[in-house]
Structures are given as structure tokens and as C-alpha cells.
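Hi everyone, thanks for coming. I'd like to walk you through a structure that may be new to you, so let's bring it up on the screen.

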Amino acid sequence: MRGFVGKGPKRVARLDRFLLGAVSRQPQGDHDVLFRRLSAAATKGKLWFGIAGVMAAFPGKPRRAALHGVLALGVASGVTNVIFKRLLPRRRPLPEHLPLFRFVNPQPTSSSMPSGHSASAVAFAVGAGIVSPAIGVALAPIAVGVAYSRVHTGAHWPSDVVLGSALGAGAAWATRKWWPARPAEPTPRRTPAEAPAIHDGEGLSIGVNAMGGSYTPETGELLKGIFPKAYIHEIAEGEDVAAGMEAAATRPGTVALGVWGGDGTVGTAAAAAVEYSLPLLVLPGGTLNHFARDLGTSSIDDAIEAVTKGLAASVDLGHVVVQRGLPDMPETSELAMLNTASVGVYPNLVRRRERLQPAMGKPLAGVVASLRTFGVNSPTTLTVDGVKHKLWILYMGRGRFYPSDHAPLRRPVLDDGVFDLRMITADEPFARARLLWAVVTGTVSASKVTHLTEVTEVTVEAIGQPLVLAVDGEPKPGVRSATFRVKQGELRVYSPLPAE
């Protein structure tokens, strides 16, 4: 078969020889050693894998950029070496085209067109830059240096490098279609709401869950010291939390309701606050305190600052109607939902992640917990708005959570008027394998087994065996159906975060 130059465009061949001639006329110097070593370092991707390893040591964008860069490099390398080098056979430059001291030795024997080194270099830099433009800019000179080194050492013609670079950039952008860049998170903001400023606790009634995660016998004394004129009602073990919160909310002279406890307790207090038109003060006293964190009152000092200044925000509330019991004798109950609700293995995933997080950090703990959870658990069959699904996770956040995958962590806005509905289904062929691959590659949000949408109302119904529904971390077994609705701006909560 005749080579590419023999049958290819003559102008490209002449331009290649002209440019290579210009390189050959450069005087000998230290730059020859630099480009020879740079070219050798990039062989088989060693340079890029090393850089990716350093980037992966830093969580967040650097780690995601490293993973995306390696993914793009793999695609570019496969396309270049398996497809294009066979389609475009071409002889490499001869020793007569460059000085012998500059010429690569031994010269590669595969087709010169296109340059695999250039494809890999540009793919890694562009792939990483899609996730983090700053990292992409920092990598660009290295990628350009590697691409040029292939011409400088006589391994490729200039047009080989141009085509290889184009293939690398194309591979990086192609991967973005199934691994899209994460959308930017909005700046945390709050919609101001009216609430009285309370300095010494006068008019404040606080319900304290004595079974809360951080409760001690000194908790009541601590709160009394902070709010000396407040009414403090401790809800003992065995006492109904809802009744205790109602007792605090209906005490004569109460102008604001406080709550000490975890997310489940706070949800019960929120329902009482809405019923009696009181602003709510959240004092983080549980194990996780997700709602307090999103509010900006993740510490007692934050809560004190908000209540003493009268800083409050309007917050949406989820309203859940649950049917339990026998099919012919259902029992209906209503719940307030502040954070999340889920069906399936999501609670198991969260527990594993939070157990591993202190030793591994959030990202790696999330991956390990996901692999374990999805690898050993079985999907649940149910209907969502009348459509039958077999799924591992049905997750519903009260408000948009970030990131958009199976392990959401942050909620910057609390009154956007929607439920963040995420389903990871087992309806598709090879669903478990697809899901595990998506977890490893960080592409869960773009996988075909993941379904993301926003709704204001949704109904979930069991098929056969009743479901276990978790609302704000509190499991509700024996659930036959649950209907979720958003009540916009229903709750007023003290919050020190900036208003919009």
C-alpha cells in the first residue's frame, strides 16, 4: 500500500517538509534534551497518569478533573491507535530530514499519521479543563510541548500532530456528552421573613428532645443560661414528640418556637410552628442536623446571632400524606418534610458513607459506600405517579440539592418551590453493572439508570409488600402509598445567611 504522502495532498506534504526543515535548522542546545525527555515521558501516557495522580490527591474539582482527563485520554488513544493509524498509513520522517543528534532513536514503527502522543496530551488537558478551566490553562503549555516534541525529535510530521491534537480535543468534548460538567451551584440566599428579635428568651418556648444525639443532663441548664426568660420543655423518653412540641407552641405568651434535636424532631417542630403561625428557631442538637446546616445555624452561636437580630427566612415545607396498614383498612397520617425522603437503599448508603467519611473524606467514602450498597442490595418494585419501576433508590429532596448524582450534599436555596426527584432504576438491561461503572467513573448523573427531574407533587405506591419510607431520616415501615406536595413559603425560620 502506498503511503499517505504518496497519494495525499501535495500541499500538505510540501508544508510538512518546509516546517520540518525549519526545525532542523535550529542550533543544537539544551532544548533538544528537554524535548527528547518530554516526548519520552509522555510515551504510553506515563506523564499524564503521573499528573492525574497528583491531582487526584486533592478532593473536589482537581480530583474530578483528573478523572475526566484520564477518561478523555483513553478515548483519544483508542480512536487514534486502533482506527486512524490503520486508515491513514504513512511513513515517518527519515534521518535525512533532521540532524542525527535530534532524531528519535529508536523510531516508532507504526503509522506516522496521526500522532498518538499529541492526541493523548490534548485530550487530557482539554478533558481536565472542562471540569476546571484553571487546571486546563495550567496543563496547556505541557500539552503543547509534548505535541511539538514529536516534530522536534523527528517522530512525526507537523500535520500528524495537528490531526492528533484535533482528535484529542474532539475526544475530550465527546466525553462531555455522557459526563457533563457539574452545573455551578447558586450562592446561598434567603428570602427575608418577619420575626421578632429575642435577646433574653422572653416569649421563646423551646422543645428539647432528651433522646437527641447531643443531649446531656446539662442541656436544659445550658439553654437556660443562654435564654434565661425562655420556657424550656424537655421531652423525655416515651413522651410523644409532637405532643411535646404542641405544648411548647401553645404556652401563653409564646411568640417563637425553639427546638433542640435532630432533623426528625425539627420536622415535628416545624409542623407545630406552621400550625400556630410561629417563627422557628433551630438549635442543632441531633447527630447530623442537615436542616440547621442548610439554614446557616449549624452552631448555637449562629442560632443566637439570628434570633437576637431578628433575622429570619421564608422556607418551603414538604407535606406528606402517608397510608399504612391493611389495604382494606388504611391508616392515614400527615408529616412535615424539611429535607429528604427516600425509598430503597439510600438510607443504607448514607449510613455507610458517614461511617467511612472521617477516615476517607466525603468523595472516596461515597464511592466505597455506593459500591458496597449497590453491589449487595436488591431493587424495590413500586409505582411513581402510576408508572411501574424497579429501582435501587427513589430520593426526593425538598429543594434542589447539589451535586446532581446519587449522593447529594448541599442545598443553597430553601424556597425554590420544587422537589428534587432522583430515581436510580433497575429497569434497563445490565442495570447493576451500569450503575457500578457509573459510580467508579463519577458519571452517575449522566447514566441511563439515573432519572433526574423536578416536581411539585408526586405519589409513590407499593406493589405487593409495603415499603419502608424514610422522611428526614425517620423510617416509616408498612407504607402502602405516600403523596408529596410542596407548600411554598409555609415556614418562617431564624437564619443568619444573606437575603436575596
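Let me start with some vocabulary: a residue is called buried when its relative accessible area is under 20%, exposed when that value is over 50%, and partly exposed in between. Please also keep in mind that this is a predicted model.

Now, take Leu-19, which sits in helix 2, the stretch covering residues 10-24. Why does Leu-19 count as partly exposed? Its relative accessibility is 34%, so Leu-19 falls between the two cut-offs. Leu-19 also has company: together with Leu-15 and Phe-18, it makes a nonpolar surface patch of about 300 Å².

Next, let's move along to Gly-129, in helix 6, which runs over residues 116-131. Is Gly-129 buried or exposed? Buried, because its relative accessible area is 18%. Gly-129 and Ala-66 lie 63 residues apart in sequence, and their C-alpha atoms are 9.5 Å apart in space.

Let's step back to the chain as a whole. Its secondary structure comes to 16 helices and 15 strands. The radius of gyration is 30 Å, well over the 23 Å that the globule rule gives for 500 residues, so the chain is more spread out than a compact globule. Along the principal axes, the C-alpha trace spans about 100 × 55 × 35 Å.

What share of the 500 residues is buried? That comes to 49%. As for the surface, the accessible area of the chain is about 23000 Å², and carbon and sulfur atoms hold 59% of that.

Finally, contacts: of those with a separation of 6 or more, 73% join residues 24 or more positions apart.

Note on methods: Residues numbered from 1 in each chain as written. Predicted model: local features only at pLDDT ≥ 70, side-chain atom pairs only at ≥ 80, totals over all residues. Heavy atoms only, no water. Patch = residues over 30% accessible without salt bridge, like charges linked within 9 Å, V, L, I, M, F, W, Y side chains within 5 Å. Areas by Shrake-Rupley, 256 points an atom, 1.4 Å probe, with all protein chains shown as cover. Salt bridge = Lys/Arg side-chain N within 4 Å of Asp/Glu carboxyl O. Helix = DSSP H or I, 4+ residues; strand = E, 2+ residues; numbered from the N terminus. Buried < 20%, exposed > 50% of the residue type's maximum accessible area, 1.4 Å probe, protein only. Rg over C-alpha atoms; globule rule 2.2 N^0.38 Å. Contact = heavy atoms within 4.5 Å.
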